[in-house]
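Q: Please take a close look at a single part of this structure and explain how that part is built and how it relates to the rest of the chain. A connected account suited to a first-year student would be welcome.

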Amino acid sequence: MSEPTKYRKRPVTIEAMQYKTPQVAGDIADWIEENGGEVSLDLLTDVLSIETLEGSMLARPGDYIIRGVQGEFYPCKPDIFEATYERADDA
């Protein structure tokens, strides 16, 4: 019978911005677009729609927006982000 193998995530440095308030949505959108990503903002709901490698994903205030190791963008819920990432020494 096959057993699962344990793996550890490699230590990599990523870039991220927290979508704290709707006022920073423009800064996040600029950052994504300046780096080749696609994003749109629904002004009625304050929801960012980000094109990811898996399709369109939604980000709401409080979520983190991550630029991954391949330059891709995707949203991450704050609890998952804080459990997975720590601030880099060179930040």
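A: The account below looks closely at one strand, β3, and then places it within the chain. The model is predicted.

To begin with the setting, the chain contains 2 helices and 6 strands. Read from the N terminus, these elements follow one another as β-α-β-β-β-β-β-α. Strand β3 covers residues 47–52. Is β3 mostly enclosed or open to the outside? Of its 6 residues, 5 are buried, so the rest of the structure largely encloses this strand. A residue is called buried here if its relative accessible area is under 20%. For the chain as a whole, 29% of the 91 residues count as buried.

The next matter is the partners of β3. In general, the strands of a sheet are paired by backbone hydrogen bonds, in either a parallel or an antiparallel manner. Strand β3 belongs to an open sheet of 3 strands, whose order is β2-β3-β4 and whose pairing is antiparallel. In this sheet β2 and β4 occupy the edges and have a single partner strand each, so each of them has one side without a neighbour in the sheet. From one strand to the next, the twist averages 25°.

Consider the β2 side. Strand β2 comprises residues 39–42 and runs antiparallel to β3, to which 4 bridges join it. Two facing pairs illustrate this arrangement. S40 lies opposite S49 of β3, and L41 lies opposite L48 of β3. The two strands make a hairpin, with 4 residues between β2 and β3. Within that turn, D46 has a positive phi of about 60°.

Consider now the β4 side. Strand β4 comprises residues 55–59, and its antiparallel pairing with β3 extends over 5 bridges. On this side, I50 has M57 in β4 as its bridge partner. Here too the connection is a hairpin, in which 2 residues lead from β3 to β4.

The surroundings of β3 also include a helix. Helix α1 packs on this sheet and touches β2 and β3, while its direction makes about 160° with that of β2.

Helix α1 leads to another part of the chain, where 3 strands form an open antiparallel sheet in the order β1-β5-β6. The edge strands of that sheet are β1, residues 15–18, and β6, residues 73–76, each of which pairs on one side only. Its neighbouring strands are turned against each other by 25° on average, with direction ignored. Helix α1, made of residues 25–34, packs on this sheet and touches β1, β5 and β6. The direction of α1 makes about 160° with that of β1. Within the sheet, β1 pairs with β5, residues 64–67, in the antiparallel sense over 4 bridges. One of the facing pairs consists of M17 and I65, the latter in β5.

A few values for the whole chain complete the picture. Among contacts with a separation of 6 or more, 36% involve residues 24 or more positions apart. The C-alpha trace spans about 55 × 35 × 25 Å along its principal axes. The accessible surface of the chain is about 7,000 Å², and carbon and sulfur atoms contribute 49% of that surface.

In summary, β3 is a largely enclosed strand. Strand β3 stands between β2 and β4 in the order of its sheet, and α1 touches β3 as well as β2.

How values were computed:
Residues numbered from 1 in each chain as written. Predicted model: local features only at pLDDT ≥ 70, side-chain atom pairs only at ≥ 80, totals over all residues. Heavy atoms only, no water. Pairing = 2+ DSSP bridges. Axes fitted to C-alpha atoms, helices over the stretch in contact; angles between N-to-C directions. Contact = heavy atoms within 4.5 Å. Buried < 20%, exposed > 50% of the residue type's maximum accessible area, 1.4 Å probe, protein only. Areas by Shrake-Rupley, 256 points an atom, 1.4 Å probe, with all protein chains shown as cover.
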